[in-house]
Each structure stands twice: as structure tokens, then as C-alpha cells.
Amino acid sequence: MTTTVVKAEIKTEIKTEPLDHATPVKGEVDEEDEYIVQPKRPRRNQDMSMARNCPFLDTINRSVLDFDFERLCSVSLSNINVYACLVCGKYFQGRGQHSHAYTHSVQVAHHVFINLHTLKFYCLPDNYEIIDPSLEDIKYVLKPTFTIAQIAALDISPRVYLALDGTKYVPGIIGLNVIKANDYMNVILQALAQVSPFRDFFLREENYAGVKPPPGDQNIIVVQRLGELCRKLWNQHSFKAHVSPHEMLQAVSSVSKKRFKITRQGDPVEFLSWLLNTLHIGLGGTKKSGSSVVHDVFQGAIRIYTKRIPAEDGDVTVDTSLYKEEVTESPFLYVTLDLPPPPLYQDELEKNIIPQVALFDLLKKFDGMTEKDYKTHRELFIKRFEITKLPPYLILFIKRFTKNNFYIEKNPTIVNFPIQDIDMAEFLSSDTAVQDAHPHTTYDLLANICHDGPAEAGKGTYRVHLRHKGTNQWFELQDLHVTELLPQMITLAEAYVQIWELKRDSDVDGANNMSTTTEHDS
């Protein structure tokens, strides 16, 4: 009788069952997990009991969780089958007996992990899946999602939320980590996140999940990373009141072939132009107008009148066809405004005079009558411009920097502008068809990017002023720093890039009467 019992126990001990792995990404195989031999697992009802009653849930430390960084194992630096320890926040590969996550759980007694791809929770070293509704907030922070109804409420909600450390934050008005010299990219990302239709598109992954890029095309990576960043910026259940754009910037650096780096300050306008065109191509956009959300939101059109001027010492008459005025149509994603030259003298106090100019004076470049000279090394052209299509969101680039072979010169001219109700009607073409296509021509300022300090890269800094529609409040963001701002202070800065929002009859300006409430997220 005793022998039979012993044999039964021996059989029980050597009986094994295959490990129930989390489904890996295609091509991502945890080699160590494949060869694990585990003891007999509990019966299904016992397994579910353990899954729903894990004794280590109280060891989770939400204050150290940060899912913004690249998902690499902290030991092997591999991105295959990565788990996050919910006690210390570190990333480890695998969960088998020879994996880094398993070793970590044994050495420091940290037992609760989440698979960063499947979003499943596991207890190690016992290696069973944890199913508990109290963990849903962690899953949401790792991968926020938005319903259509939630998106529709973003621009009308005046709520102020609390992070785990008690810091107040307004969704969408979130500071971004400056890793080294990425402030020029931060301000562009923060400004674009305020453009409602652009933001709404990227808040729902379903809008671009079906895009099939051509073989070898990596532009879709930027699309995906920007979507992830937008969802984190507008997350109403964040554990912290700031976000790191690390994964987004890594994608930018890779896809741009190191043109834009986090270690060297660049030009926000160059980054903006590259980003919008990359997103357009990544979403399958073509030269056809309206083929992507980028064109739907930002693309306008101008008519250009070009006249070649004959050389002074030449004998060519102006009446020849070569010197007749040519008319071309050109689309744009932003328009460039030229500042007048700064003064070269000083006042009686021997201080540099800071000139000022009205925004409307700069916009006269597009009235169809103002002529501007453009020189090449051989020829001289005179051009006139007029707008034939106004976009829903108009981006203005105020050209402050002049580059030559020796140095970069900055124009310190202050641009005076209202923050509401600028009318672009006088800059539209007088064609009847153009006028009829634009029943609305008035814009309100939405974002204002400005530059402070010297012109040399790395010596100056960028910051952005944002208008939050739900609270009707202006904020100043400089990397991680977020402060409320009086509207009167906006025009005092050296504006560099501005985003203006077209006003329509359906727009309701009731934000001034909204009361601000605070909601705590636990």
C-alpha cells in the first residue's frame, strides 16, 4: 500500500504540462521560456482562485510606474517579450525560470509584473496570470483609449485633475521632459496637440490602424508614436502630471536619419515642416488635396504672380514673352511672414532699440498688390501673392533668423497682434468663386511659439503659449514647466510660429462662464 502511494507521488512529480505563455508578437520569441519544465499546475478552479486573490497586489507602487520610455529590458536591452515590474518600475525580459524577470522576482521579492505588449498581469515566480479589476487603471495608463463621446467632451470640459502626487493638471496642457536639447520639438508637439481635428484623429488608433505602408516605408512609425503621445497628453487618469516624449523622439531621429536629434537644438519650423509631410505620407496621403487629415486641417493655397526683370546691361525688351508675368497656384501648410530689418543704431541711452511691427503689416505680403524682390545668382524676380484657400487652422511662420556662411543673425522685432478676431478677408483673392467659398474668414489664436535668447543653437530656448478651450485659460509651457498666463503677456514675446483657428457660426464661446472643478484620480 505504501509502495503504491510512493509511485503515485513519483508520477505526479514527473508529470509536466506545457507553459501557458502570453502570446508574443510575431517574430518575438522568448527562447528561455520555450524550454521551461514546470510542476503540475493546479486545477482550473484553484488556478482562477489564485489569479483573483493574488496576495502581492498591495506591493504595487504606482508612483514609480513610468511607461513613457522605450520598452527594453534593463539587463539585456532586448525589446522581445518585455515585462514591467509593478513594484520598482523596471523592465525585464521573459518570465521563465531563466529569464531576467524571474530572477528579479526571486532576488528582490518583487512578484507582480505586466506584459507590455499583451497587457496581462502575472505573479512571479509562481507564474500565474492575475485577474483583478483593481489593476485596470495601470492598464489604462499604459495604453489609454478614448471613445467618440469622450473626445467630443475634451474641448468643453473645464475640469482640473490631480495626479498621484497631488499635482494639479489640465489634460492636454502637459509638460514634456527635456532629455537634452529637444525643446524645439517639444513646443511643436504641444502646439499640434491643441488642434482639435488633428488631435481627435490621433486619439483613436482605429483611424490609422488600417493604413498599409509600402514595403520598407517607416513613416508609419511616426504616425503610431504621435498617436501614443497624444493619448498620453490628453489622458485624464495619469499617475503623473508630465509625459516623456522619448519614444516619439526616438522614432523621429530614426525616420529622419538623424536630421533631428535630441542632443542638438534644431529649428522648430524645419521640424514642423518635416513632421507634417511625414505624417501625410505615412497616412497614405497623395498630392491630391484632402488625402489625409494633415491636408484637411492645415493645407491652404496661394496664387503667385511672378515677373522676371531683365538685366540692366542687357538689350532684351520687356515686351518679350520671357518677361511677361506668370501666374501659378501653390498649396501650403504654413505661410512665411518677413520681418522688416532691425535698426542698426542705438538710442541716447546706448541701448538697442527694439522695433515693433503689426501683424497686419506683415500679412500685406498676401494682399495681391505688394511686390517683393527675389534674387538668384543670375536673375531678379518680382513676386506678388494672394490667398485662394484658407485652411481651418492657419500656421504663420515669422522669419526671425537669417543664416549666412559665418553666423546666424536674429531679428528681435516684436510683432503686435490681437489674440482674437483677425480677419483674413482682405488677403483673399477677389475672384467671386474664392469669395463664395469662404463664408468665414476670422481666426482666433490657439498657439504661440516664441524664442528667447541668442540666435546660436543651444544658447536660446523655446516656449509655447497655449489656449485651453475647456477652461478658456492661457498657459505657458516650457518643457516640464506649466504656468497660467495672462493674455496680455503673449504679445510681449518674440513670436516665431503661430497657429490660428478659424471661427465658424457653430462655435460657441461659453467658456468664460464655466466654473472650474477639480477631480481626483486614484
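C88 is partly exposed in this predicted model, with a relative accessible area of 24%. The closest cysteine sulfur to that of C88 belongs to C85, at 3.6 Å. A disulfide requires two cysteine sulfur atoms within 2.5 Å, so the distance between the sulfurs of C88 and C85 is too far for a bond.

C54 is also in no disulfide. The nearest cysteine sulfur to C54 is that of C123, 4.0 Å away. C54 counts as buried because its relative accessibility is 8%, and the limit for that class is under 20%. Across the whole structure, the search finds zero disulfides.

C123 leads on to the sheet, since strand β4 covers residues 121-123. The sheet is open and has five strands, in the order β2-β1-β3-β4-β5, with antiparallel pairing. At its edges are β2, residues 91-93, and β5, residues 128-130, each of which pairs on one side only. On average, neighbouring strands of this sheet are turned by 40 degrees against each other, direction ignored.

A helix packs on this sheet: α4, residues 100-108. Helix α4 touches β1 (82-85), β2 and β3 (112-115). The direction of α4 makes about 120 degrees with that of β2.

At the other edge of the sheet, β4 and β5 run antiparallel and are joined by three bridges. Within this pair, F121 stands opposite I130 in β5. In general, strands of a sheet pair through backbone hydrogen bonds, in either a parallel or an antiparallel arrangement.

Notes
Residues are numbered from 1 along each chain as its sequence is written. This is a predicted model: local features need pLDDT of at least 70, side-chain atom pairs count only at pLDDT 80 or more; totals for chains, interfaces and linings use all residues. Side-chain values use heavy atoms; hydrogens and water are left out. Two strands pair if DSSP finds at least two bridges between them. Helices (H or I, at least four residues) and strands (E, at least two) are DSSP runs, numbered from the N terminus. Axes are lines fitted to C-alpha atoms, for helices over the stretch in contact, and angles run from 0 to 180 degrees between N-to-C directions. Contact means heavy atoms within 4.5 Å. Buried means under 20% relative accessible area, exposed over 50%, partly exposed in between (1.4 Å probe, protein chains only).
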